[in-house]
Each structure stands twice: as structure tokens, then as C-alpha cells.
Amino acid sequence: MAVHRFPVTVSLTAVLCAAPLAVSSACTASEGAVAPPSPAPILAGAGTAGIATAGVGTAGAPGIGDPDFPRDGNGGYDVEHYGLTLAYDPATRQLTGNAAIRATAVQDLTSFDLDLSGLTVSRVTVGGTPAGFSRQGDELVISPAAPISKGGAFDVVVDYGGVPQPIRGYSGLGTYGFTATADGAFVACEPNGAKTWFPSNDHPADKATYDFRLTVPGGLTAIANGELDGAPVTTGGRTTFVWRERHPMASYLATMTVGRFDVRTGRSAGGLPVYAAVDPAFRDSLDDLYTRSAEITDYWSTVFGPYPFSSTGGVIDDFAAGYALENQTKPLYGGFRPQQSIIAHELAHQWFGDSVSITRWKDLWLNEGFATYAEWLWSEHRGGESADAFFRHYYANATDPMWDYPPGAARPADLFNASVYVRGAMALHALRLDIGDARFFALLRAWTGEHRFGNATTAQFVELAERTSGRKLGPLFDAWLTRPGRPSVASGPPQPAGA
Ligand code: TRP
Ligand code: ZN
């Protein structure tokens, strides 16, 4: 099974000269983090004020129901909001946290889980009353003093701390999650690394809004999603940054990237606030990152529909991850100067992945196929190779391993495989050839509009494509997404753009 390092297509010339996409073999689905010794459960107090008591209830499931990631996320409740008050000291690598989580029970609950990897929990309350808790691997099992009734809103507060440990392997991209750097932390969490730094329902199917109150040593900058709420405040040699993401966000898109940063803020030509930050090692890239991020966000707004969030931007950290992640409102670039195609890719994810999120990881092509196709569209927009030329280039290689590896069911141990990116993008181009440009781009806007801030599935995309085109598209999607083998192109060989 091939794994590739992720979007690599820059120009067709670069593609033609590039080494094969497959660079490493599949990882096994193992996670490195080891839970600390479980503290003895705290005896639940008798006070139940504010907590409904109707019904006996059952334990919430330890997973949200994603068959490829059975322990990711949790059942029995839905989170609305995370309020994260966190202090990080790069000298000791110590994270000290308080997570205030507002959720709604979707069943009667005697207990429920949050996902948390490593770290030590000192106290949990539910509805203000101390709750029992225990650790089972990456599950924090919480037993409220009294059962919670289905439909009831409840507040969970978790005090915790320790040295966060990133997760190795598993995603096919190396280490992810909260990763200490020389001057702070690099925090990129796809697919399930949020649990390395806060207790969460760590699966994209449960999106929530976030507040971050981040305290770091003076001179450092802490960068999270959304917008700053006021200027940072420095007291006693430490600075606190308050960030708010007011739009629903998947847990893997949350970040608290810390370090020395040069920052440029302003507005795009279209009037959107822009926040760009670079580690001083990348100082000479700040203006380019700022300008390109603003320009590309404005352009995608004309192609994909209105920008979903309240600001755009990007962060380049001096940490040689070698990849980028589409953190909501603030894509994070790990130790390289991103080319336009990469910025175009991460900003396209703001629509495809961040605003419209997957419900199950097997549908990851809905993120990566679309973002890769956006790289081709950006090239075409800039007067470079057309999307059709990219398509024909890949189509011409009849022995590419992706033909045996359909993208419609991403494998957990090989999630970010080349087929999900490239064959996924090709599926979109095949659709475009079949239904025509007008209906294709109307479909993209309908997709981002109908599912804005929500979760969606491949079946819903196929249904919408059929509805907006008036065509039966099952065979086309089946050939491109599900069946092994190189599909035939229905309308004959693709024509050169402009020919
Ligand atoms: N979604 C990223 C992209 O294609 C790639 C990616 C997957 C990633 N998992 C990651 C990046 C973990 C950083 C950390 O743009
Ligand atoms: Zn991507």
C-alpha cells in the first residue's frame, strides 16, 4: 500500500520531474502515547443540584461509531462548546489546563467518555458537582454524581496537566498532535490528535465552537483559531492571548501553536481580516504568506461560495514537519515556505473539510480530493497548466498504483494515500467533464452552501450532484471512487483546455 507525503503537485513540470508519489509503506495502527497510572476514582458526591435525575440510563459508548476508528470520539452526547484555559511553558514542556465543555446528552447517561491521551487529570466536575473519573487507555471515563437525562445540557470541567506527547505513525504522515518545538509548540492534529492536549470528543462528526485563553512566557506568541479577543495582556512575565472561534470546528482543526513569531494583520481586498505569522527563521516569507493567503481566500470565495469564517491567514513554524494542515482560519505550514499550490490547497480546505466536514474518515476524499483539485484550479487561474492537463497527465499513467486503490474508502492505517488526493481530484474532473462547467461549479457552491458548518457524506454528494445535474451519476462515482481499475472517461478522451 502506498502512502504519499501529501499534496505535492505544484506545476505539471514539477509533477513530471518529481519522484514517484509513493514514499513509504503503510504504518500499523498503533498509538504511542501511554496513559499515566490511573488516579483512584473520586467518590461521587451526593449533591445533584442542577442535574436531571430521570431515568436509569447507560454508559455512553467509548467511540462515536466510526468503524475505521472505533475508539475515536464518544457516544451519548454532543459537544457545543469548548472553553480551554491553558498555560504552556516551553522550558519544562508542561501544559496546565482547564477545559470547560458544554454538551447535550443524546441518551440518558450514567457515565460518558472524553478522549484524552496521556496527561494527568486532577479534578472533574459535571454541573459544578465533583464527578468520578478513571482512565482507560485514551478514554477518560466520567461518572457524574447523578445520571444525565436525554436532551439535557450539561457542563463538564476538567482540570489536568502534564507533558503532552505527540502520536507517532498511524496517519501515514509521521508525528501529529501537540508537538514541542525549540521555542514552543507545533499543534497539528489530524486525524485524532486533539486528545494529546485537551479532553475532547475527538472526531470530526462532533463539531463545536471554541474559546482559547492561552498563557505563555512573555515574548512568545500563542496562536489559536478564529480571532483575538482584545490585545494580549502581559502580567508577571507571562502573556495571555484570548482567541475565539465562533463557527463550529472539528477537533483536529484546533491549534495552539506557540513560539516566537513575526505577525502581520490587516484585511484582504475583499474586506476579510487576515492574520499571518511566521517564525523568525521565515521572516522573509511573511509578506508573501500574508498577500497570497488574502488573495487566494478572496478568489476561492468567487469559486466555492462565500468564505465561511470570520478571518483567514496562515502560520509558518520553524518545525520541520514537512507538511501543512488546514487548521480552521489558520493553516499551519511545518518548516517550509509554502508554494502557491499548497496555500491554495489549505485554503480550499476551509470550505472542503473545515466548513463542510466529513462524518466518517472513509469519506476523506471529500476533503483531500477537493483540495487537490483546487490546486489544479489555482494553476489554471494563474495561467499555468489547466486542470484538464493535470487530469490527462495522471490518466495517461495506466500503471499508477492508484488505479488498484480506489479512494472512496480511506484505510485507517493509510489514511492520506495518494489515491485519496489524486484519484479523488480526478473523480471531480471526470464529473466536470460529464456534467459541464456550469453545472459543476454550481454544484460546488450548492455543496458548500447546503452543508455549511455541518457534516456530510459521499452519498450526500452523489445525491446533490444528481439533483443539480438531472443525471444518474451512480456509475461514474462507482467507477472513480469504489471500483478498482482505471475508469473509462464517459465523454471520450478529455480534450486539451482551450483546444
Ligand atoms: N490534511 C493535510 C493536508 O493535506 C495533511 C495532513 C494529514 C496533516 N494529517 C496531518 C498535516 C497531520 C499535519 C498533521 O493538507
Ligand atoms: Zn489536504
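A residue counts as buried when its relative accessible area is under 20%, as exposed when that area is over 50%, and as partly exposed in between. By this criterion Arg102, with a relative accessible area of 38%, is partly exposed. The structure described here is a predicted model, and the residue-level features reported below are to be read accordingly.

The mean pLDDT of the protein chain is 89, and 86% of the residues reach a score of at least 70. Two segments fall below this level of confidence. Over residues 1-55 pLDDT stays under 50, and the model has 119 contacts beyond four places in sequence for this segment. Residues 492-499 likewise keep a pLDDT under 50, with eleven contacts beyond four places in sequence. Where pLDDT is low, predicted coordinates should not be read in detail.

The secondary structure of the protein chain consists of nine helices and 26 strands. Of the 499 residues in the chain, 57% are buried. Contacts across long stretches of sequence are well represented: among those between residues at least 6 apart, 70% join residues at least 24 apart. The chain exposes about 17,700 Å², of which carbon and sulfur atoms supply 55%.

A zinc ion (ligand 2) is coordinated by His345 through NE2, by His349 through NE2 and by Glu368 through OE, at distances of 1.9 to 2.0 Å. Along the chain, the donors of this zinc ion follow the spacing H-x3-H-x18-E. Two of these donors, His349 and Glu368, link distant parts of the chain and are 19 residues apart. His349 is located in the loop between helix 3 (340-348) and strand 25 (357-358), whereas Glu368 belongs to helix 4 (residues 365-381). Both His349 and Glu368 are buried.

Side chains of opposite charge can pair when their charged atoms come close. The structure holds 20 salt bridges. In one of them, the side chains of Asp155 and Arg102 meet with an N to O distance of 2.7 Å. Asp155 lies in strand 11 (residues 153-162) and Arg102 in strand 5 (residues 94-105), so this salt bridge ties together parts that are 53 residues apart in sequence. Asp155 is partly exposed, its relative accessible area being 32%, and Arg102 is also partly exposed, at 38%.

A further salt bridge, between Arg292 and Glu295, has an N to O distance of 2.8 Å. Here both residues lie in helix 2 (residues 286-304), three residues apart, which corresponds to about one turn of the helix. Arg292 is buried, with a relative accessible area of 17%, while Glu295 is partly exposed at 28% relative accessibility.

Arg471 and Asp434 also form a salt bridge, in which the closest N and O atoms are 3.1 Å apart. This pair links distant parts of the chain, 37 residues apart: Arg471 is in the loop between helix 8 (458-469) and helix 9 (474-482), and Asp434 is in helix 6 (residues 418-435). Arg471 is partly exposed, with a relative accessible area of 32%. Asp434 has a relative accessibility of 19% and therefore counts as buried, the limit being under 20%. Salt bridges with shared partners also join Asp288, Arg292, Glu295 and Arg382 into one network.

Notes
Residues numbered from 1 in each chain as written. Chains lettered and ligands numbered in written order. Predicted model: local features only at pLDDT ≥ 70, side-chain atom pairs only at ≥ 80, totals over all residues. Heavy atoms only, no water. Donors = N, O, S within 2.8 Å, 3.2 Å for Na, K, Ca; no water. Helix = DSSP H or I, 4+ residues; strand = E, 2+ residues; numbered from the N terminus. Buried < 20%, exposed > 50% of the residue type's maximum accessible area, 1.4 Å probe, protein only. Contact = heavy atoms within 4.5 Å. Areas by Shrake-Rupley, 256 points an atom, 1.4 Å probe, with all protein chains shown as cover. Salt bridge = Lys/Arg side-chain N within 4 Å of Asp/Glu carboxyl O. pLDDT = per-residue confidence, 0-100.
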